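Please open the model in your viewer and keep a selection tool at hand. The stops below go from the interior outward to the loops.

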Amino acid sequence: ASSGAPSGPAAPSVRKFAREIGVDIAQVRGSGPDGRISIEDVKAYARARAAAPSGGGAAPAVLPDLAKWGPVESKPMSSIRRATARHMTLAWTHIPHVTQNDKADVTEFEEFRKGYAKKAGAALTVTALAVKVVAAALKRFPQFNVSVDEAGEAVVWKSYCHVGIAVDTDRGLLVPVLRDADRKGLKAIAAEVGELAAKARDKKLQLADMQGGCFTITNLGGIGGTGFTPIVNWPEVAILGLSRSSWEPVLREGEFIPRLMMPLSLSYDHRVI
């Protein structure tokens, strides 16, 4: 499959699947009539590449014998952790990352969030409100809603707005996608964010639930910290990290006043942004 021979015909859905998992379809040998490439051929190529010593890049690091220094136990990664590890490695090696850190004054943001929850009778999380804000921001800054087509030497601009939400589960990191965030109201977004997170933790997410994202939000406010370096979720070009808000003295018109400040960490693909 890696001989470099021209690839056979493939349906658009197969080519799309290959792009989404980072496979150059020109390197895949089809098993169908006239060399036609199926999704199973793409999967087989991806598995073979992952198992190869080169792994599509540097050889895997070989651990020393850690048992020399004390008792150890080796536990195989789950299929989701393996997939996440491959995807993270692909993103980190293919995207020239820049991370910009800043703080946003979210005093009114938080007042609105709590007031809305009381008025609507349902919880409105920081992440759900951030989805609505990001959807508006992507309209104003469309260069964040693109993908880089390396093979075609082009930039693909998207007219839709699907926002991914990183969810930490006991099986690994999952990123379900909320579709058409720019067309939904806060109540719908709040409900859907909760539903997607629950599906992720209850092992009910389908592959389709995690595809087609334009931009990802990852919220680490629950563990504190003043910032971090989110890894862009390829083939997207940017990801926004939220950290825990805290009260700080802010100088306004010569006087320090308490304001609630949220650290933001924005990682982006420096080829297009």
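Helices (H or I, at least four residues) and strands (E, at least two) are here DSSP runs, numbered from the N terminus. One element boundary to mark at once is the loop between strand S10 (246–252) and S11, where Glu-253 lies. What you have on screen is a predicted model, in which local features need pLDDT of at least 70 and side-chain atom pairs count only at pLDDT 80 or more, while totals for chains, interfaces and linings use all residues. Residues are numbered from 1 along each chain as its sequence is written, and side-chain values use heavy atoms, with hydrogens and water left out.

**The nonpolar cores**

Select Val-131, Phe-215 and Ile-217, which touch the most other members among the 28 residues of the largest nonpolar core. A nonpolar core is a set of buried Ala, Val, Leu, Ile, Met, Phe, Trp, Tyr and Cys residues joined through side-chain atoms within 4.5 Å; buried means under 20% relative accessible area, exposed over 50%, and partly exposed in between, with a 1.4 Å probe and protein chains only. The elements that give two or more residues to this core are helix H5 (126–140), strand S4 (163–165), helix H6 (186–201), strand S8 (215–219), strand S9 (238–242) and strand S11 (255–269). Its largest share, 7 residues, comes from H5.

Now centre on Val-131 and show its contacts (heavy atoms within 4.5 Å). Leaving aside neighbours within four places in sequence, Val-131 is in contact with Val-163, Ile-165, Ala-181, Ile-189, Val-193 and Ile-217. A second, separate core has 11 residues, including Val-14, Ala-18, Ile-25 and Tyr-45. In soluble globular proteins, nonpolar side chains tend to be buried together.

**Strands S8, S9 and S11**

Move to S9, where 5 of its 5 residues are buried. Ala-238, Leu-240 and Leu-242 point one way from the strand, whereas Ile-239 and Gly-241 point the other way. Two strands pair if DSSP finds at least two bridges between them. S8 and S9 run parallel and are joined by 4 bridges, and within this pairing Asn-219 stands opposite Leu-242 in S9. S9 and S11, by contrast, run antiparallel and are joined by 5 bridges, with Ala-238 standing opposite Tyr-268 in S11.

Thr-218, in strand S8, is a useful next selection. Is Thr-218 buried or exposed? With a relative accessibility of 12%, Thr-218 counts as buried. Not counting residues up to four places away in sequence, Thr-218 touches Ala-166, Phe-228, Pro-230, Ile-239, Leu-240, Gly-241 and Leu-242.

**Two cysteines**

Select Cys-161 and Cys-214 together. The structure holds 0 disulfides, a disulfide being a pair of cysteine sulfur atoms within 2.5 Å. For Cys-161 the nearest cysteine sulfur is that of Cys-214, 5.8 Å away. Cys-161 is buried, with a relative accessible area of 3%, and Cys-214 is buried as well, at 0%.

**Helix H3**

Helix H3 (residues 79–94) has 16 residues and spans 22 Å from its first C-alpha to its last, close to the 22 Å expected at 1.5 Å a residue; the expected span is 1.5 Å times one less than the number of residues. Colour its buried residues, Ile-80, Thr-84, Leu-90 and Ala-91. They lie on the same side of H3, because they cover an arc of only 130° around the axis, where the arc is that of the directions from the helix axis to the C-beta atoms. What covers these buried residues includes strand S1 (97–105) and strand S6 (172–174).

**Loops and backbone geometry**

Most residues other than glycine have a negative phi, and most peptide bonds are trans. In the loop between S8 and S9 find Pro-235, whose peptide bond from Trp-234 is cis, with omega near 10°. The same loop between S8 and S9 holds Gly-227, which counts as partly exposed at 36% relative accessibility and touches Ser-243 and Ser-265, not counting residues up to four places away in sequence.

Go next to Lys-203, in the loop between H6 and S8, where phi is near 65°, a positive value in a residue other than glycine. Lys-203 counts as exposed at 54% relative accessibility. Finish at Glu-253, which has a positive phi of about 50° although it is not a glycine, and which counts as exposed at 85% relative accessibility.
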